[in-house]
Each structure stands twice: as structure tokens, then as C-alpha cells.
Amino acid sequence: MDTPARVAVVGAGAVGLTTAFDLAERGARVTLFERDTPGGGSTGRAAGICYDAYAEDIDVAVADSAMARFRRLSGEGEFVFHETPYVFLAREGDDAAAAALEESVERMRVHDRAVSLVGADELAARFPIRTDDVLLAGVAENAGWADPAAYADLFVEKCESAGVEFRVGDAVSLRTDPPGVAVDDVLTARFDAVVVAAGVHSRRLLAEAGHPIALKPYRAQALVADCDYRGPTVYDATDESYLRPHPAGVLAGDGVEPVEPDLDDWDPTADDWFVADALDAVRHRTAVVDPSGAAAGAAPTADRAWAGLCGATPDRNPLVGPVAEGVFVAAGWHGHGFMWSPAIGERLAEAVLGDGQTSIPDAFDPRRFDGDEEFAVVEGMTLDGE
Ligand SMILES: Cc1cc2nc3c(=O)[nH]c(=O)nc-3n(C[C@H](O)[C@H](O)[C@H](O)COP(=O)(O)OP(=O)(O)OC[C@H]3O[C@@H](n4cnc5c(N)ncnc54)[C@H](O)[C@@H]3O)c2cc1C
């Protein structure tokens, strides 16, 4: 009988937890190293929005399998996938966003996405949101949201049941020849392969081991506001803000900040300007307009607000696959890491344990960059369907 492969996974976020479970399910002996708390990195700070409304075939394939798996998992433990349409809109006067939206919906339809193009009246007839400022909107039906913390908790349980060994509390460093991890510079057990799923910290881990990757962190913010909202998830491309239903009312967030955060000294609390702007956006979009043109709706207040880190790459595709013999990375999600994690875990596990066969798109190959590229961060939620 073959000896099972021994695999180390670094990072117990949505991606590392899913990958560790999928490796263990396929027969590997897996050790998962997490320096803080499982699910306590970017995963615990994510909004949990999920959709399949992509315009590129590689993204479509990943999103399809991720959405199917979210639905299969829904109801296990405390994890629930809430079916909720995703509305993306351009406001009156923003012709450029409307044109981009129209073009991207056409491309999504080429890939059989259940997406329609609607005007303000049709949107108002269907959803309890303010639409009098809407020029054009896309409505994606195959969408929803889930609590990323509940997903992480579920996968901790699933990993434990599948025999994954957890090493929590140690920040590890990486060795690549042969593949291994070290705690306080002392090598741990021998591994056949190492998967680096350390979120935005993956860049430093790999660079220190001589394999720089093209990954930049950026800070994004979100809050939960108490108000009565039973509408869809909405991305306002003109305002570059989003909101989705939440048990307490609404979860709202913004996009990219122009300044690259210092990974050792970034602010995990939300800025005052963000809280004010996000509450304005919530008040605006959740107010239903009466026939006289007046907008009605109680002023929401913020229950809690926070910031988190996302990872960007030069071409907005993630970095998933081998960087050296037996050393793999999975990072650079542009704000899509939670919604893609169910599909990435499976594909990565197959790539690690397979004989060169992989269903990871070539476009995600981390070796397509040298790792020292200069690039500007482009935010994840955009209208071009990527
Ligand atoms: C405000 C906000 C909203 C977002 N909304 C969404 C959304 O709606 N939908 C969506 O899909 N995505 C969203 N995202 C993005 C999402 O959070 C990330 O893409 C996703 O969580 C990435 O998961 P991960 O497992 O790669 O990383 P993480 O969850 O960051 O996990 C990495 C783990 O590695 C650990 N680690 C780091 N270095 C070491 C080391 N040296 N040794 C051991 N462990 C280490 C960290 O402690 C951490 O737990 C959002 C992000 C933010 C900040």
C-alpha cells in the first residue's frame, strides 16, 4: 500500500481550511499551520457575497463549482447559504458605467449566466430599493450570501473529522528545497508538499524563501447597520459601494484604498469617513421613494464596523498553483477569495496530489509573473465581469 502524502497547509482561512479538508478527503496526511485563530484573518472580515455573474470562461467554471458546493454545504452545522439576487447598477449621469454594465451583461450571457438588463422601473417593480437615480442595472439570479465565520467553523469541524492535524499559534516560515515549514527557524516534520494559503501574508512567506510573487495588499472596510431591509445584494458602480441583507439589517462596504497598508501595522478598525459614507449609501439605497418624490426610511445606525485586507495581482487573476517543486500558493483574490474557496480547495488538492493533471486554469499560474512587477491595484467588484 502507498504511503499517504504528507502535506502542510499554511493559513486557516477559507482557502486553507477548504484545501486542507479536500487534501485529507483524498487520502493525504495534512497538518494545518495557523498563527492566530482559524477564520480570524481576512475570512472573518469578509462580507460573504457570492455570485456566478462572470464574463470570462475560467471565472465562470470556478464560480459554478463554488456555488454548487455552497448549496450542498448549506444546512451543515451553522452554515447557511442565503439565496439572494445580485443587482449591479449605474446611476443617472454615469454613462460610462452604464455602457460597461451593458457590455459585461452581454458577455455574461454568452456564458449562459442568468443575468438580465433592467431599467429603473423594472428594478423598482421587483425589489424594495430606491431606483429613481438608476440609469441601468444588471440582475444576476444565481447569487447569495453566507457568513464566512460560519463557513470557517464548519471547515474546522470537517478538517478535524477528516484527521487534519491543527498547529495553531505558530507563525511558520517556509522552506522550499525540499518543501517544508519551520517554527522559530526549526524545521517541523518532513512534508512531501506545502500549500501557502496565508492570504496577503503569502507574499512575504514566499519571498523569504526565494520565490517572490506578484501580490499587493489593500485595505477594504465594511459595517453592519440596523435597518429593516429585505432586498437584494446591490453593487452601486457609480458610488463604488455595496450592501447585502444581514440578520441585523444590512452589511455595507466599499472598495480599494489608494495607499498600500503596512502588513505589520495596519488599522483593523473602520475610518470615521467610511462609516459616514457607508451609512449615507445605506440610507440612500434602502429608502423607498413615494409618488411625490420624497424618500422615506429611518436613518440607519452602525452596529459595528471594521477593516480587513485583500490581495491584488497585476492582471486581477489569482495566483494558484506551484511556485517550486512541491510548493504551492493560493492567494490574490481581489475580494473574491471567500466565494471561490469551495472550488479552489478541490482544484488545489487535485493539483497537489495529482500527477501533473490539474483543473486550475493556466491563467492562474503564479509563475506567469516574476514577482517584482510594479502595478496599480484595481478593485475586485467592477462592472467588467471579471
Ligand atoms: C471588508 C472585506 C469584505 C470582503 N467581502 C468579500 C465578499 O463579499 N466575498 C468574497 O468572496 N470575498 C470577500 N472579501 C475577501 C475575502 O475576505 C478574502 O479573499 C478571503 O477571506 C481570503 O481567504 P484566505 O484563506 O486566502 O485568507 P485569510 O482568511 O486571510 O487566511 C490566511 C490565514 O493565514 C494565516 N497566516 C498568515 N501568515 C502566517 C504564517 N506565517 N504562519 C501561519 N499562519 C499564517 C493568517 O493568520 C490567516 O488566518 C472581503 C474582504 C474584506 C476585507
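Colleague: Does Ser74 count as buried, exposed or partly exposed, and which of these words fits its relative accessibility?
Modeller: This is a predicted model, in which local features need pLDDT of at least 70 and side-chain atom pairs count only at pLDDT 80 or more, while totals for chains, interfaces and linings use all residues. Residues are numbered from 1 along each chain as its sequence is written, and side-chain values use heavy atoms, with hydrogens and water left out. Buried means under 20% relative accessible area, exposed means over 50%, and partly exposed lies in between (1.4 Å probe, protein chains only). Because its relative accessibility is 27%, Ser74 counts as partly exposed.

Colleague: Which residues is Ser74 in contact with, leaving aside its neighbours within four places in sequence?
Modeller: Ser74 is found in the loop between α2 and β4 (82-83), where helices (H or I, at least four residues) and strands (E, at least two) are DSSP runs numbered from the N terminus. Contact means heavy atoms within 4.5 Å. With neighbours within four places in sequence left aside, the residues in contact with Ser74 are Phe79, Val80 and Phe81.

Colleague: How are α2 and α8 set relative to each other, roughly parallel or roughly perpendicular?
Modeller: The axes of α2 (residues 57-73) and α8 (residues 337-353) come within 7 Å and cross at roughly 95 degrees; axes are lines fitted to C-alpha atoms, for helices over the stretch in contact, and angles run from 0 to 180 degrees between N-to-C directions. Angles under 35 degrees count as roughly parallel, over 145 as roughly antiparallel, 65 to 115 as roughly perpendicular and the rest as oblique. The crossing of α2 and α8 is therefore roughly perpendicular.

Colleague: How many nonpolar residues does the contact of α2 with α8 have?
Modeller: Among the residues that meet are Val62, Ala66 and Phe70 in α2 and Phe338, Trp340 and Ile344 in α8. Ala, Val, Leu, Ile, Met, Phe, Trp, Tyr, Cys and Pro count as nonpolar, Asp, Glu, Lys and Arg as charged, and the others, Gly among them, as polar. By class, the contact of α2 with α8 has five charged residues, one polar and, as the number asked for, eleven nonpolar.

Colleague: Which residue in β22 is the bridge partner of Val196?
Modeller: Strand β22 (residues 327-331) is mostly covered, with five of its five residues buried. Two strands pair if DSSP finds at least two bridges between them; five bridges join β21 (residues 319-324) to β22 in an antiparallel run, whereas three join β13 (residues 193-196) to β22 in a parallel one. In β22, the bridge partner of Val196 is Val329.

Colleague: Which residue takes a positive phi in the hairpin of β21 and β22?
Modeller: Ala324 has Val327 as its bridge partner in β22. The hairpin has two residues between the strands, and the residue with a positive phi near 80 degrees is Gly326.

Colleague: With which residue does Arg91 form a salt bridge?
Modeller: A salt bridge is a side-chain nitrogen of Lys or Arg within 4 Å of a carboxyl oxygen of Asp or Glu, and a search of the whole structure finds 26 of them. For the salt bridge of Arg91, the closest N and O atoms are 2.8 Å apart, and the partner is Asp236.

Colleague: How many residues apart are Arg113 and Asp52?
Modeller: The side chains of Arg113 and Asp52 meet in a salt bridge (3.0 Å, N to O). This pair links distant parts of the chain, with Arg113 in the loop between α3 (95-110) and β6 (115-118) and Asp52 in the loop between β3 (49-51) and α2, and the number of residues apart is 61.
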